[in-house]
Amino acid sequence: MELRLKPFEESFGKEFTHPGTFNGQWGVEGAPDFVESISPIDGAVIGRVSLTTEVEFEETVRKARKAFLTWRKVPAPKRGEIVRQMALRFREYKEELGKLITLEMGKILPEGEGEVQELIDIADFAVGLSRQLYGMTTHSERPHHRLYEQWHPLGPIGVITAFNFPVAVFGWNAMIALVCGDTLIWKPSSKTPLCAVAVIRVMDEVLRENGMPEGIVNLIVGSGATIGRRLVEEPRVPLISATGSVPMGKRVAQAVAARLGRTILELGGNNGVILMEDTDMELALQAVLFGAVGTAGQRCTTIRRLLVHEAILDTFTERLVGAYQAIQVGNPFESRTLMGPLIDAEAVRRFEAAVARAEREGGKVLTGGKVLKEGDYARGFYVQPTLVMAHPDMPVIEQETFAPILYILPFKTVEEAIALHNAVPQGLSSAMFTRNLIHAETFLGPEGSDCGIANINIGTSGAEIGGAFGGEKETGGGREAGSDAWKAYMRRQTCTINWGQDMPLAQGIRFGSGCTT
Ligand code: UN1
């Protein structure tokens, strides 16, 4: 089957239509209801993807459930072998997929390709994992009894992803879930449906070559309020893994809890970096630039708050302002560009509103703060990377604005810095710059950072797939990607085997004459 990624690239500015439903078969082309994919680079419609209908949804769940019954019986290392082939195929398409991400989402090309690499990395990780889905054994309190636990496939998994990582975050879920023996129903962001179509086509190619049944990997497209709601309320889908905003996560959590289903939630971040007085400024400058300006501030791990020791405040701020002013904003396909557009007009409006609010609340814009509207910027969604000198009493610093706005907050002591750092509702990623062991360990200790990710001398974003990814508090508590995050995609079973001739009861209970201890 032809992948048709090339036409995406060539059709920049032209029309491209594709069904949005896949359940082993693609839905009908040219359905009346569709979502438009708009490139944030110049506002052009680059594709139309049809919305999943109620009938298609029902068929998709049925197929995902049916395929699960087969897929769960395939030995995990064999499932891993199929994922290995997917990893190779993603490598072949790395450049094209990277370009498609840049075209549809607007991140610069090295980041687009980096995102595909993240997909490849998690696939490679999952291949190894497919031979390491370990259970544990322990010692029974009863003679001639064996006690152990094992992990079984869970069922069809619903994966809801955001626009900002249109490929990698699905990959974290999909590659792990596949080796765990689960099938998938993916609802991508309606802002990036073409990336989803492309990834599904690659995976389908490999599944077909291996003679696998239809329904292992499925796609549905539509809004959260319609098809998204159907997915989270669907009792045949035991786990929903959702990435997005805190309000979205609350809606998903409540709907899934109402049917006692499971969730993995990866929601908002409001990530802080603490610069102690012994900060290596050169390192910190590079880390802060990538962390705050990279992906135009649209990572959930983006640095949003910079807590700077007063001893280095003036020097560091001056260097940072200089570096911000040198950042090239523009077309993300151009090699000199460091920051591409925001995703859409609504994101630009939120940027403006946050900057205005920060100023109202007593913040001072040191550089940036403006929407770029002239010339090449006219049709896309471009803003300036923005630095705001802030103070702890500004409520705006508690909110996550998905834009390149960095609030600088001065502090005097490490205790003050950590308290300030933790005083936001979100708890995803965090970092401290220091060469002082005591400060570093304080930050990483139980009274330190309250986040799911805590780093020393690197920024908050750009986590590797090998670690568990996710955060605390309003970030939702879920963990995805590496480490033992796979356990959330399986069901745990505790098994006790009596290989003796007696029927002893646990806790030494004697029950009737037949029981001995
Ligand atoms: C996200 O923004 O939802 O750590 C994911 C990072 C990337 C993933 C971000 N590896 O920034």
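# A walk through the predicted model

Leaving aside the residues within four places of it in sequence, P410 is in contact with V308, L313, M389, A390, E416 and L420. The structure in which these contacts are found is a predicted model, and P410 is a convenient place to enter it. P410 belongs to strand 17, which runs over residues 405-411, and its relative accessibility of 29% places it among the partly exposed residues. Another position that can be related to P410 is L275, which is 135 residues away along the chain, while the C-alpha atoms of the two are separated by 9.5 Å.

One of the contacts of P410, V308, can serve as a reminder of strand 12, which covers residues 303-309 and which follows a loop that begins after helix 10 (281-293). Within this loop lies T295, and this residue has a positive phi of about 55° although it is not a glycine. A296 is placed in the loop between helix 10 and strand 12 as well, and its phi is also positive, near 50°, again in a residue other than glycine. As background to these two values, most residues other than glycine have a negative phi. As for accessibility, T295 is buried, with a relative accessible area of 3%, and A296 is buried too, with a value of 2%.

From this loop the reader may turn to the helices, beginning with helix 3 (residues 76-92) and helix 5 (residues 109-129), whose axes are 8 Å apart and which pack at an angle of about 160°. An angle of this kind makes helix 3 roughly antiparallel to helix 5, and the crossing in which helix 3 passes helix 5 is left-handed. On the side of helix 3, the residues that meet the partner helix are G80, V83, R84, A87, F90 and R91, and on the side of helix 5 they are V116, L119, I120, A123, D124, A126 and V127.

Helix 5 also packs against helix 4, and here the angle is about 125°, with the axes 8 Å apart. Helix 4 and helix 5 are therefore oblique to each other, and helix 4 passes helix 5 in a right-handed crossing. The contact involves K94, E95, L97, G98, K99, I101 and T102 from helix 4, which face L109, G112, E113, E115, V116, Q117 and I120 from helix 5. Two residues of helix 5, V116 and I120, appear in this contact and are also listed where helix 5 meets helix 3.

Helix 4, which spans residues 94-105, has a further partner in helix 7, and these two pack at an angle of about 165° with their axes 9 Å apart. They are therefore roughly antiparallel to each other, and helix 4 passes helix 7 in a left-handed crossing. From helix 4 the contact draws on L97, L100, I101 and E104, and from helix 7 on P193, L194, C195, A198 and V199. Helix 7 itself covers residues 193-209 and includes R208, a partly exposed residue with a relative accessible area of 41%. The C-alpha atoms of R208 and A196, which are twelve residues apart along the chain, are separated by 18 Å.

The last part of the tour concerns aromatic side chains, of which a search of the whole structure finds six pairs. One of them joins W151 and W486, whose ring centres are 5.3 Å apart and whose planes stand at 70°, so the pair is edge-to-face. Because W151 lies in strand 5 (residues 145-153), and W486 in the loop between strand 23 (480-481) and strand 24 (490-498), this pair ties together parts that are 335 residues apart in sequence. Both W151 and W486 are buried.

Another aromatic pair, formed by Y377 and Y382, is tilted, with 5.2 Å from centre to centre and 55° between the planes. In this pair Y377 is partly exposed, with a relative accessible area of 22%, whereas Y382 counts as buried at 2%. An aromatic ring can also be accompanied by a lysine, and this is found for F165, where K107 lies over the face of the ring at 3.6 Å from its centre.

How values were computed. Residues numbered from 1 in each chain as written. Predicted model: local features only at pLDDT ≥ 70, side-chain atom pairs only at ≥ 80, totals over all residues. Heavy atoms only, no water. Phe/Tyr/Trp six-rings, centres within 6.5 Å; stacked < 30°, edge-to-face > 60°. Helix = DSSP H or I, 4+ residues; strand = E, 2+ residues; numbered from the N terminus. Buried < 20%, exposed > 50% of the residue type's maximum accessible area, 1.4 Å probe, protein only. Lys NZ or Arg CZ within 6 Å of the ring centre and 35° of its normal. Axes fitted to C-alpha atoms, helices over the stretch in contact; angles between N-to-C directions. Parallel < 35°, antiparallel > 145°, perpendicular 65-115°, else oblique. Left-handed = near helix turned anticlockwise from the far one by under 90°. Contact = heavy atoms within 4.5 Å.
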